[in-house]
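Biologist: I am new to this structure and should like to understand how its descriptions are justified. May I ask you to explain the terms as we proceed?

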Amino acid sequence: MANLKTSDKKTKAQSMGMHTEVLTGRTQQKFFNPDEGENFFYFGAHDVDFNKRTELDVKDLDCKQANKKIDELMSKGYGTIVIKNPQGKHSLGVGILNKLNLIFEGSLGYFGVGSIDGPIVRVNGRVGWSCAENMMAGKVVIEKNAGSCFGAAIRGGDLICKGSVGARTGIDQKGGSIIVGGDAGAFTGFMMQRGRIVILGDVGINLGDSMYDGTIYVGGKIGSFGSDAVESPMTKNDIDWLTRKLKVAEIGNNFDVSKMTKIVSGKKLWNYDALEPTEKKGAI
Amino acid sequence: MCGIAGLIHRGKSSDVGSELQSMLQALKHRGPDSTGYALYAENDGQNFIMRFKVGENVGEGSTSVNEDESVYDERKKLVDKKLSVLGATVVKEDKLTPYSFRYEIKIDIDLMEFSKAIESINNVEILSIGKSLELVKDLGDATVVSERYGLHKIKGTHGIGHARMATESGVDIKSAHPFWGYPFSDVSVVHNGQLTNYWNNRRALENKGMRFMSECDSELIAVFLAEKMRNGATLEQGMKESLTGLDGVFTYFVATKDSLGMAKDTMAAKPLVLYESDELVAMGSEEIAIRSILPQEIDTYDPFDGEVKVWQI
């Protein structure tokens, strides 16, 4: 086993503060403690001032150049950045791991603002597939429509689309809230594991297919329920949460949340029994 | 992956060739193997335009057999002879590449019978027949193909195109999109996706007399729709039937002399972004295709699963 104590070189995880002690001959690791989250600081994250504002025109930049420029501006302390002319470019605003007010004056292509942890983003336009994929914290507001896989695998934060979204919204969602003012496509909440999805309009077929956990609220018509997705009664807690959340999301004024349909996992799929595959064969 | 793009100007002609070139070039990263155009041009409508090939482009990664160019001339002579036998008059002919030709012809026989006769010549394939359809496909990106065939100069009302990343069949012209809706004049199809019941459908359609020129699964869509239309269905009816008749994942466009349509499979597994106004409909696999001709801020949306739409010029 390598004895890292003799080396000055830190692993990337150590540089990020994931564990603070170097390894010795025997494995001794002190991992990141969630209780100390406030003291946690990503490698490469920046301390910015929201009152320091600037604009960036990305018309003639490709996505790498644009993202690098955003990073440079944050390193100079700019806390409010307005992006002009995004023109549907892919992967803009990804990997931002600090607080920031980021405003896009136009539409984004695929994978916009993915893997973010903390920024408040407003897109005055539309977004393509996989917007905010893997988002961990923060708030993203889309003023128009969104493509498929909206909020795929998000783990936290609020992701809001004021228009309609495509198929597989919230696929593999593991936390946070996705709130949609319009309609949603097929397979919404497919294999979601945690968190909440709120659709004020209609949803397509196979809603909540194979969901492990989490909650989906639908205001309009449902194309069909997916495997193991079942309706559950609305409670006062649900109504209170929805009322508060829609207010924060700036949509659904006067929307009667008490009439929404609540969908949860029936927990009857194969993964919820305690049988080994060989035992299952016997049971069948 | 593949990228598809389409546009239709309602009620007027435009620089549809250069517009589609811009849209497809913006999608080059989705498919650099070959590019195809189906442009509906300002022709006088008097004669049929037949685009055909007598060989393959083997210079840019094709898997086809390299042939001496002299065999192309021989095949072309056989085509001319066959046209004469069929009573066709060649009004104008253009040799676009050593293996690709555009003929303006007068014919007065059934198109299926005509096509079968021409394609009975070995290695000759009709890419399209129509009174306004100009179907061109070749290896290379959108700009390369457009410049090779002078497509950026073509004016017309609408068109569809395809940037291909070959996955199910070879890198060659015969597997490239668009596919002509044989035996209907002015019908073309482009597709992004994979079809999983290709052989079942192909066998059934071949038994009904339909013809396949490639082993590309996407060709099935053109033949499927053509067969429905041959039996009296409208284009939109045929497209709606395709949602259950075709298995797999797909977004496809189909164009006729005066219309443009799109269909998306019931799982919405393949992307499509759409812009729609009273004057213009533009759509593509990615928004950047639309932005290449409409850089200003516009409202776009993704059609939902199982959606079929048709627009008229």
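Modeller: The following exchange sets each description against its definition; please note that this is a predicted model.

Biologist: Why are helices α1(B) and α4(B) called roughly antiparallel?

Modeller: The axes of α1 (residues 16-26) and α4 (residues 142-149) of chain B cross at roughly 155°. Angles over 145 degrees count as roughly antiparallel, and therefore α1(B) and α4(B) are described in this way. Their axes come within 8 Å.

Biologist: Which residues of α1(B) meet α4(B)?

Modeller: G17(B), Q21(B), L24(B) and Q25(B) meet A142(B), T143(B) and S146(B) of α4(B). By class, this contact has 2 nonpolar, 5 polar and no charged residues.

Biologist: What makes β3(B) and β5(B) paired strands?

Modeller: Pairing requires at least two bridges. Strand β3 (residues 48-53) and strand β5 (residues 100-106) of chain B are joined by 6 bridges, so the requirement is met. The two strands run antiparallel, and R51(B) stands opposite R102(B) in β5(B).

Biologist: What makes β4(B) and β6(B) edge strands?

Modeller: The open sheet of chain B has 4 strands in the order β4-β5-β3-β6, with antiparallel pairing. Both β4 (89-97) and β6 (125-130) of chain B pair on one side only. On average, neighbouring strands of this sheet are turned by 20° against each other, direction ignored.

Biologist: How many residues does each chain bring to the contact between chain A and chain B?

Modeller: Chain A contributes 22 residues and chain B contributes 16 residues. On the side of chain A that touches chain B, 5 are nonpolar, 14 polar and 3 charged.

Conventions. Residues numbered from 1 in each chain as written. Chains lettered and ligands numbered in written order. Predicted model: local features only at pLDDT ≥ 70, side-chain atom pairs only at ≥ 80, totals over all residues. Contact = placed C-beta atoms within 7 Å. Nonpolar A, V, L, I, M, F, W, Y, C, P; charged D, E, K, R; others polar. Axes fitted to C-alpha atoms, helices over the stretch in contact; angles between N-to-C directions. Parallel < 35°, antiparallel > 145°, perpendicular 65-115°, else oblique.
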